[in-house]
Amino acid sequence: ARSRGLDVKVLAFGNVDAGLQSELGAIPFFRALTSWMSDDDPICGWLNAFHIVAEITREDLTRISDIGPDDIMYFSSALPAQLMALAQWLGALPRDRLPLVVVEFGIDPGVDVQQGPEGLAYQIRDPRIDARAILYRSAAARIPNPVAPWLRMITFDRASSDSFCAVMGKHVGVLPTPHIAMTRPTSRSGKRPIVVSVLGNQRPEKGYQFMPEVAQRL
């Protein structure tokens, strides 16, 4: 986006690694650690953590003062608490200040998929083990109808979007997976094509960054 001349602000976790902060030109901003899932209460620790993180994140969002209808906010890998915070923040903003918010879900909604007689069935997990489905559902129900057009929820995979739709009862769109051109386009007319297929999530922790070299060696 910056290479296209757009004014970009990256708001990161408050304790973001210094090297990563420099690479992204990021501003340390958010106080809540997204991976904190429980306050260790044996019965409702998952619910306590959800409410605490959602409230802290909502408070942080209210500190963004220079935002308006010409802006686009891209919220990456949102968990239920972040979705709840966004719903509450957008609901409190004056309508003439609403930005377009794109919320991307980077992991599954916490359900087990089974093949039923009428197609796929989604089984909710015990919230003491994995509460994401219940909390996503609760957060989605609190998106105010008047601001819903300004909140676009997406994944990069049709099956993933379908599961989020089923869990939240809301539309979740699909965006194409971003690709970066590695070489100049080459005409292959009259040549036998070489096809290399890669299955799995295209993320660094899966080793996807090694695939260009693997493809070249093949």
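# Notebook: hairpin, sheet, helix and two odd loops

**Entry 1, the β5/β6 pair.** I opened the predicted model at strands β5 and β6, which pair in the antiparallel sense over six bridges. Between β5 and β6 I found two residues, and the two strands form a hairpin. I picked Gln114, which lies in strand β5, as my marker. Which residue of β6 is its bridge partner? For Gln114 it is Ala121. I then listed what Gln114 touches beyond four places in sequence: Gly119, Leu120, Ala121 and Gln123. Gln114 comes out as partly exposed, with a relative accessible area of 43%. I also took a distance from Gln114 back to Leu100: the C-alpha atoms are 35 Å apart, for 14 residues of sequence.

**Entry 2, the whole protein.** Time to step back, I thought. I counted six helices and eight strands in the protein. Reading from the N terminus, I wrote the elements down as β-α-β-α-β-α-β-β-β-α-β-α-β-α. The C-alpha trace spans about 60 × 50 × 35 Å along its principal axes. Of the 218 residues, 30% are buried. I looked up the contacts with a separation of 6 or more, and 55% of them join residues 24 or more positions apart. The exposed area is about 14500 Å², and carbon and sulfur atoms supply 55% of that. For charges I noted 23 positive and 23 negative side chains, with the centres of the two sets 8 Å apart.

**Entry 3, the open sheet.** Next I followed the sheet of four strands. In what order do its strands stand? The order is β3-β4-β7-β8, the pairing is parallel, and the sheet is open. At the edges stand β3 and β8 (173-174), each with a single partner strand, so one side of each has no neighbour in the sheet.

I looked at one pairing in detail. β3 and β4 (residues 100-104) run parallel and are joined by four bridges. Opposite Met73 I found Val101 of β4, and opposite Tyr74 I found Val102, also of β4. A general reminder I keep in the margin: side chains in a regular strand alternate between the two faces of the sheet. Is β4 enclosed or open to the outside? Four of its five residues are buried, so β4 is largely enclosed by the rest of the structure.

**Entry 4, helix α4.** I turned to helix α4 (residues 132-141) and asked which of its residues are buried. They are Arg132, Ala133, Leu135, Tyr136, Ala139 and Ala140. These cover an arc of only 165 degrees around the axis, which puts them on the same side of α4. The spacing in the list made me recall the usual helix rule. An α-helix has 3.6 residues a turn, so residues three or four places apart point the same way.

What does this buried set pack against? I found three helices and strands of the hairpin in the answer: α2 (45-61), α3 (80-92) and α5 (158-168), along with β5 (111-116) and β6 (119-124). That took me back to my first entry, where β5 and β6 form the hairpin.

**Entry 5, Asp60.** Since α2 had come up, I checked one of its acidic residues. Asp60 lies in helix α2. Is Asp60 buried or exposed? Its relative accessibility is 0%, so Asp60 counts as buried. Leaving out residues up to four places away in sequence, I have Asp60 touching Phe29, Phe30, Arg31 and Ala32. Two of those names fall within the span of β2 (26-30).

**Entry 6, two loop residues with positive phi.** I ended with backbone angles. Most residues other than glycine have a negative phi, and I went looking for exceptions. Asp40, which is not a glycine, has a positive phi of about 75 degrees. I placed Asp40 in the loop between β2 and α2. With 70% relative accessibility, against a cut-off of over 50%, Asp40 counts as exposed.

Ser77 also has a positive phi, near 50 degrees. Where does Ser77 sit? Ser77 is in the loop between β3 (72-75) and α3. Its relative accessible area is 40%, so I logged Ser77 as partly exposed.

Note on methods:
Residues are numbered from 1 along each chain as its sequence is written. This is a predicted model: local features need pLDDT of at least 70, side-chain atom pairs count only at pLDDT 80 or more; totals for chains, interfaces and linings use all residues. Side-chain values use heavy atoms; hydrogens and water are left out. Buried means under 20% relative accessible area, exposed over 50%, partly exposed in between (1.4 Å probe, protein chains only). The arc is that of the directions from the helix axis to the C-beta atoms. Contact means heavy atoms within 4.5 Å. Accessible areas come from the Shrake-Rupley method with a 1.4 Å probe; for residues, only the protein chains shown count as cover. Lys and Arg count as positive and Asp and Glu as negative; His and the chain ends are not counted. The place of a charge is taken as NZ of Lys, CZ of Arg, CG of Asp or CD of Glu. Two strands pair if DSSP finds at least two bridges between them.
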